[in-house]
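Reader: Got a minute to go through this one with me? Let's pull it up first.
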Amino acid sequence: MTEDQDVFRPAEYAWGSEPEPGAQPTSVPASGAQRTSVPASGALGTSVPASGALGTSVPASGAAAAIAPVTARRPAAHAMPGPDIDALYQVVAGRRDVRNGFLPDPVAEDVLTRVLTAAHQAPSVGLSQPWDFIVLRDRGIRERVHALARHQQEVFAAGLPGARARAFSDLKVEAILDTPLNIVVTCDPTRGGRHVLGRHAQPQVASYSTACAVQNLWLAARAEGLGVGWVSFFDERELAAALGLPAHLEVVAYLCVGHVEAFPPAPELVLSGWARRRPLSWAVHEGQWGHRGLPGGPPASLLGDTVAAVRPLDAEAVAQARERQEALTKPSGSLGVLEQVSVQLAGLAGECPPPLPEPAVVAVFAGDHGVHAQGVTPWPQEVTAQMVVNFLASGAVVNAIAAQAGAEVCVVDVGVAADLPAAPGLLPRKIRPGTADMTAGPAMTRDEALRAVEVGIETARDLVAAGNSCLLTGDMGIANTTASAALIAVFTGAEPEEVTGRGTGIDDPTWQRKVAVVHHALERHRPDPADPLGVLASVGGLEHAALAGFILGGAALRVPVVLDGVIACAAALAARALAPDVVAALLAGHLSTEPGARRALDALGLRPLLDLGLRLGEGSGAALALPVVAAAARVLRDVATFDSAGVSGEKG
Ligand SMILES: Cc1cc2nc3c(=O)[nH]c(=O)nc-3n(C[C@H](O)[C@H](O)[C@H](O)COP(=O)(O)O)c2cc1C
């Protein structure tokens, strides 16, 4: 490993550029695995990809930073011979979930036996060996299983937002009938009686053990040149009943197994753009959760690394996009702001035309505010938690608009003053249950502000790794326009009365109280705009801090971030104070009627795409603007040029 791998580089996040960990050893003889009792058949090394199989832009340093070839390693006592080690890593890197390109050729019984032998050598809790393998060849049974899977696929597809649904319809997610045999891997959680060592405290370790057997099977199959596709589109009990399993058995895996034309060079979901791999450096924590860094590397700073990765637009792509706009079959400049958006998207992606900003996701960051106690809003604080439940039930305005725009909605609890039950779409990331009253002391500690920013960065990274190409900001927090006004006043130098709005629609006395509250907080803390974390800690909200991180995270990944209203604008000011080039990734979805929004957008140099008198928040305005952003990219991609269409240009 080199420290290079630990650095948060924009190139690392370009589409398809993540090096394939472990794919580097190239000089391994196919016969390297002979020392084990399961002989290799020479399939190793034939179709394992070299690094960077996903694309062209794998940095050489990143490739070298993965698993070093054995010649570069110092042999450890009891290590297996070098070629064996390399062969192992090669099998691990070359294993693929296969769903396409199966051949009808039968699987030889001796090969199947070797593969099952490998599975049966898996570790298991208390050596309970809870697995069994049911080899299915009968087409009639497989057709019944296939029908069950098809039904679940339809249920899944029906719940997908637009771009995801389109992408899903192009994906093959099972090969139940295309393979000569299927293997059902079951788990008996009762096997071995009461005193299975290690199982009493965690009964689920029986299933984990069975998953280890599946992985052994998968690796051995790869070495033997057999493709394996794991299908989980089942109601597990329904499948168990269809297979006539005894009631005490669980189905852990349903595997489609057969010879293949080729192994995909990378996960098919990566090749199709459905999802991306997370770099190892995101997943390794030294000593404590959140202390990320590769072994032996310098400790990573999530915020520092993210800020360092934020860059201006790519000048070459910008120039190409401008040139292309001039060549499209339309009068120059006739698409107004849309043309600028397309140029920005190209500059951000570093390619012209830019990718379409889909799939897109609205992340609604939710938090409560201690300043609520000052009577700045007539709405009770518990509305924050109630609205979170509403978002998760798809009942809020943002859900409707996002559905129309084809975007997903997820909710991040970064500081709601209530316990929220787990629910699909909810990311529980609470830093504290609401801020403190900023008129009585700092809203939060500096450390809490940093951790909230990190929640935002992590959210952006995980949503982009999940395949999203556009991030939309959303927020929920009763009293959060008060914190927004304070933040905007600090970062723009405006007077509180200039940037304090009526939020949900307050009367004059409440507005005057709100302005006085902002004045009081600013006088008390005298926040320094050159210290953005300090500003967020003293007068911000947890959702503002997280949104600032979300914006930075998106910008570092070169993904467009569409801002919603005044809360997002306030957070964007904080983000820009941390990394001035962040504006390259920002698009202002709309102009909120909150006075602070215009002031903030002017300071950010952003022009709102829509001006519809909205002041709801939630991410509604950002979602509404998404089709405009998508259209800008689509125009640059799809519209013919004067040359290609044979259309005469303007005379003179
Ligand atoms: C527990 C588990 C369940 C899976 N279920 C499905 C499935 O139902 N359909 C599918 O197409 N792929 C399924 N996969 C395959 C994953 O999509 C695949 O492993 C992942 O994209 C990584 O690709 P790779 O295995 O080629 O490295 C499953 C994988 C695992 C580990």
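Author: Sure, one term before we start: a residue is buried if 20 or more other C-beta atoms lie within 10 Å of its own, exposed if 12 or fewer, and partly exposed in between, with C-beta atoms placed from the backbone. This is a predicted model, where local features need pLDDT of at least 70 and side-chain atom pairs count only at pLDDT 80 or more, while totals for chains, interfaces and linings use all residues. Residues are numbered from 1 along each chain as its sequence is written.

Reader: OK, so what share of the protein chain is buried?
Author: Buried residues are 49% of the 652 in the protein chain.

Reader: And how many helices and strands?
Author: The protein chain has 24 helices and 10 strands. Those are DSSP runs numbered from the N terminus: helices are H or I with at least four residues, strands E with at least two.

Reader: What order do the strands take in the open sheet?
Author: The order is S7-S6-S5-S8-S9-S10, six strands with parallel pairing. Two strands pair if DSSP finds at least two bridges between them.

Reader: Which ones stand at the edges?
Author: S7 (426-428) and S10 do; each has a single partner strand, so one side of each has no neighbour in the sheet.

Reader: How many bridges between S5 and S6?
Author: Seven, in the parallel sense, joining S5 (residues 360-367) to S6 (residues 408-415). In that pair, Val-361 stands opposite Glu-408 in S6.

Reader: Switching to helices: which residues of H22 are buried?
Author: In H22 (residues 595-604), they are Gly-596, Ala-597, Arg-599, Ala-600, Leu-601 and Leu-604.

Reader: What do they pack against?
Author: Helices H16 (480-492), H17 (496-499) and H21 (566-578), plus strand S10 (586-588). Contact here puts two C-beta atoms, placed from the backbone, within 7 Å. Just after H22, Gly-605 has a positive phi of about 75°.

Reader: Now the ligand. Which residues surround it?
Author: Arg-96, Asp-97, Arg-99, Val-173, Glu-174, Trp-230, Val-231, Ser-232, Phe-233, Pro-267 and Leu-269. A residue is near a molecule or strand if its C-beta atom, placed from the backbone, lies within 6 Å of it.

Reader: How does that shell split by class?
Author: Six nonpolar, one polar and four charged residues make up the shell around the ligand. Ala, Val, Leu, Ile, Met, Phe, Trp, Tyr, Cys and Pro count as nonpolar, Asp, Glu, Lys and Arg as charged, and the others, Gly among them, as polar.
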